[in-house]
Amino acid sequence: MNGDLKIKELKEDERPVKSLNTAQIKKLLLAAEPYLAMKMRILLALGTGLRRGDIESLKIGDIDFVNNYITTASKKTRKSMGSRPVSPEIMAELTKYVFVFDVGQEKLFNDNFSHKRWKKICEGAGLTDLKFHDLRKTFGSLLAQNGISTAVTQRLLEHSSPNLTNKVYTNVDPVLRHAVEQIPVSDWL
């Protein structure tokens, strides 16, 4: 050898975005049933795309139960979303959840997030390698799968770049499959 050996780094394959399907979401929520606070955290992550830290810091005063909005301020990005829309179904669950609170309670969650309990819920749902952040990725993927634009998804996830939204937070495989299925191949054969 002459010492002119050139080493070229191989590009690492992009890991697929981890997102849950409807059956997996149902199993997760069922496994969380005995732990109301954890179930509410899971619903908020899946239905709003909020980060765990932002969910943990929610106060009851941040929730507009009449107009189905939550006011958020991201701890990570320091951005705030004055009126984050929330589905009526999740608002109904939130209403039931806070109904039993003592008068004067300010925080939405009085307990700390329990990693041990999260792991137990995931195991009960058969989702052993699931990270809580994957619920946020599921939110982004579900929006894409339902035809919601990257711009809207990017705004809801409070991303600064559409690239981040598409590359890291959106499982586009089902979207690509749906796109290909729109081609009228049966008309040709």
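Here is an informal walk through how some helices pack in this structure, where the largest pocket sits, and two residues with an unusual backbone angle.

What you're looking at is a predicted model.

**Helices side by side**

Two packed helices are described by the angle between their axes and the distance between the axes. Here are three such pairs.

| Helix pair | Angle between axes | Distance between axes |
|---|---|---|
| H2 and H4 | about 155 degrees | 11 Å |
| H2 and H6 | about 35 degrees | 7 Å |
| H6 and H7 | about 155 degrees | 10 Å |

Let's start with H2 and H4. Their axes make an angle of about 155 degrees, and angles over 145 count as roughly antiparallel, so that is how H2 and H4 run relative to each other. The crossing of H2 past H4 is left-handed. On the H2 side, the residues that touch are Leu36, Ala37, Met40, Leu43, Leu44 and Gly47, and on the H4 side they are Ile90, Glu93, Leu94 and Tyr97. Sorted by class, this contact has 8 nonpolar residues, 1 polar and 1 charged.

H2 also packs against H6, with an angle of about 35 degrees and 7 Å between the axes. From H2 come Ile42, Ala45, Leu46, Gly47 and Thr48, while H6 brings Leu135, Arg136, Thr138 and Phe139. The mix here is 5 nonpolar, 3 polar and 1 charged. Gly47 is worth finding on screen: it appears in the contact of H2 with H4 and also in the contact of H2 with H6.

Next, follow H6 over to H7, which covers residues 150-157. With an angle of about 155 degrees between them, H6 and H7 are therefore roughly antiparallel. H6 passes H7 in a right-handed crossing. Arg136, Phe139, Gly140 and Leu143 of H6 meet Thr153, Leu156 and Leu157 of H7. That contact is made up of 4 nonpolar, 2 polar and 1 charged residues.

**The largest pocket**

How much space lies in the largest pocket? About 280 Å³. It is lined by 15 residues, and the closest to its centre are Leu46, Gly47, Thr48, Ser87 and Ile90. Some of these names have come up already: Leu46, Gly47 and Thr48 are part of the contact of H2 with H6, and Ile90 is part of the contact of H2 with H4.

Which helix gives the largest share of the lining? That's H2, with 4 residues. At least two lining residues each come from H1 (22-32), H2 (36-48), strand S3 (80-85), H4 (88-99) and H6 (133-145). By class, the lining holds 10 nonpolar, 3 polar and 2 charged residues.

**Two backbone oddities**

Most residues other than glycine have a negative phi. Asn68 goes the other way, with a positive phi near 60 degrees. You'll find Asn68 in the loop between strand S1 (63-64) and strand S2 (69-73). Glu158 is another case: it isn't a glycine, yet its phi is positive, at about 60 degrees. Where does Glu158 lie? In the loop between H7 and helix H8 (162-168).

Methods. Residues numbered from 1 in each chain as written. Predicted model: local features only at pLDDT ≥ 70, side-chain atom pairs only at ≥ 80, totals over all residues. Heavy atoms only, no water. 1 Å grid on protein atoms, 1.4 Å probe; cavity = no way out; pocket = protein on both sides within 12 Å on 5 of 7 lines; lining within 4 Å. Points joined across faces, edges and corners; volume = space filled by probe spheres on them. Nonpolar A, V, L, I, M, F, W, Y, C, P; charged D, E, K, R; others polar. Axes fitted to C-alpha atoms, helices over the stretch in contact; angles between N-to-C directions. Parallel < 35°, antiparallel > 145°, perpendicular 65-115°, else oblique. Left-handed = near helix turned anticlockwise from the far one by under 90°. Contact = heavy atoms within 4.5 Å.
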